[in-house]
Amino acid sequence: MLRAECGYYCLTTTPLVSSDLPTIRAVDRTTHKTLKGASNDQFQHQSMYIAIAGNIGSGKSLLAELLAQRLGWALSTDVAENPYIDDFYENMRGWSFQLQIYFLGMRLRLLDHALKSADNIIVDRTIYEDAEVFARNLSNQSLIYSRDWKSYYDLYSVIIERFAQPDLLIYLRASAKTLARNIKKRGRAYEAGIDIKYLKNLNELYEDWTFSYNGNLLTIDIDEQNFISSPTAREQVLDQITKIANSR
């Protein structure tokens with residue numbers, strides 16, 4: 001059964017599924033017009049690794065599950081609950097560092113497990129987003145102390161240097177208006193307080209991060225191809241990604 005995407009502080013567990021398909025070791029880095037290519041000298045995953053990134057309400061988890069089913073690949077979304085959540089909401093500035101460190105460690109364990117797998121794998125949400133979008137947003141709002149932000153980001157930088165980039169990063173771009181509509185439609189009580197200004201701030205950080213990202217990047221505009229609500233757009237998006245995954 002497919003689930004809709006989970007928000008940043010709503011973390012769920014999905015078991016990995018195995019694949020009987022032949023291993024796909026590379027994507028076409030030259031022919032697809034929406035791909036940005038770059039070399040990667042980091043430790044490599046033996047099989048193919050696709051990661052999905054995007055703001056709250058963009059459909060990351062849904063697309064990850066659809067792709068895993070379409071390609072027959074393993075799906076990695078196994079994230080535990082953060083024990084600092086309640087404290088963070090009581091005192092954001094006082095607990096933001098601990099919250100983000102816990103998320104970083106959690107993402108690190110998840111990524112390490114995924115990359116040790118021999119399977120081709122789809123990863124729902126990236127370690128990059130925790131730092132480049134959500135933690136940076138806390139810093140921009142002075143909700144994390146400057147020295148804590150520096151310590152956190154230095155640690156994050158060391159970590160990502162030691163892991164291979166995804167063979168393909170899929171960025172789900174959507175306007176704040178579209179995100180708000182998707183969030184309202186799925187009707188989760190804990191997301192009721194998310195306002196459009198917050199989504200706009202996150203969108204700006206997503207744009208900054210993906211603009212400077214130096215790996216293979218596929219951007220899907222959800223305003224034009226809303227696969228969450230449109231079966232036609234869903235097939236178009238899945239076909240588009242499948243062609244890239246199956247290319248040599």
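A residue counts as buried when its relative accessible area is under 20%. Keep that cut-off in mind for the first stop on this tour of a predicted model.

**Stop 1: two positive phi angles**

Select R125, in the loop between β4 (121-124) and α4. R125 has a relative accessible area of 6%, so it is buried. Now look at its backbone: phi is positive, about 75 degrees, although R125 is not a glycine.

Next, move to S142, in the loop between α4 and α5. S142 also has a positive phi, near 60 degrees, and is likewise a residue other than glycine. Its surroundings can be read from its relative accessibility of 45%, which makes S142 partly exposed.

**Stop 2: salt bridges**

How many salt bridges are there to find? The count comes to nine, and three of them are worth a visit here.

Start by showing the side chains of R107 and D130, which form a salt bridge with the closest N and O atoms 3.2 Å apart. R107 belongs to helix α3 (residues 92-116) and D130 to helix α4 (residues 127-140), so this pair ties together parts that are 23 residues apart in sequence. Are these two partners buried or exposed? R107 is buried, at 4% relative accessible area, and D130 is buried too, at 0%.

Now select K116 and D112, where the closest N and O atoms of the salt bridge are 3.0 Å apart. Both sit in helix α3, and because they are four residues apart, about one helical turn separates them. K116 is exposed, at 64% relative accessibility, whereas D112 is partly exposed, at 27%.

For the third bridge, pick D239 and R70, whose side chains meet at 3.0 Å, N to O. This pair links distant parts of the chain: D239 is in helix α8 (residues 231-246) and R70 in helix α1 (residues 60-71), 169 residues apart. D239 is partly exposed, with a relative accessible area of 36%, and R70 is also partly exposed, at 33%. Add E235 to your selection as well: salt bridges that share partners join R70, E235 and D239 into one network.

**Stop 3: aromatic rings**

The structure holds twelve aromatic pairs. One of them is W149 with Y153, a tilted pair with 5.3 Å from centre to centre and 40 degrees between the planes. Both residues lie in helix α5 (residues 146-161), and being four residues apart they are separated by about one helical turn. What does the accessibility of each ring's residue look like? W149 is buried, with a relative accessible area of 14%, while Y153 counts as partly exposed at 21%.

Then select Y128, F134, Y171, Y206, W209 and Y213 together, and you will have one aromatic cluster on screen.

**Stop 4: a charged patch on the surface**

To finish, turn to the surface and select E81, D86, D87 and E90. These residues form a negative surface patch. Pick out D86 in particular, which is found in helix α2 (residues 85-90). With 62% relative accessibility, D86 is exposed, because that value is over the 50% cut-off.

How values were computed:
Residues are numbered from 1 along each chain as its sequence is written. This is a predicted model: local features need pLDDT of at least 70, side-chain atom pairs count only at pLDDT 80 or more; totals for chains, interfaces and linings use all residues. Side-chain values use heavy atoms; hydrogens and water are left out. Patches are made of residues with over 30% relative accessible area and no salt bridge: like charges are joined within 9 Å, nonpolar side chains (Val, Leu, Ile, Met, Phe, Trp, Tyr) within 5 Å. Accessible areas come from the Shrake-Rupley method with a 1.4 Å probe; for residues, only the protein chains shown count as cover. A salt bridge is a side-chain nitrogen of Lys or Arg within 4 Å of a carboxyl oxygen of Asp or Glu. Lys and Arg count as positive and Asp and Glu as negative; His and the chain ends are not counted. The place of a charge is taken as NZ of Lys, CZ of Arg, CG of Asp or CD of Glu. Buried means under 20% relative accessible area, exposed over 50%, partly exposed in between (1.4 Å probe, protein chains only). Rings of Phe, Tyr and Trp (its six-membered ring) pair if their centres lie within 6.5 Å; planes under 30 degrees apart count as stacked, over 60 as edge-to-face and the rest as tilted.
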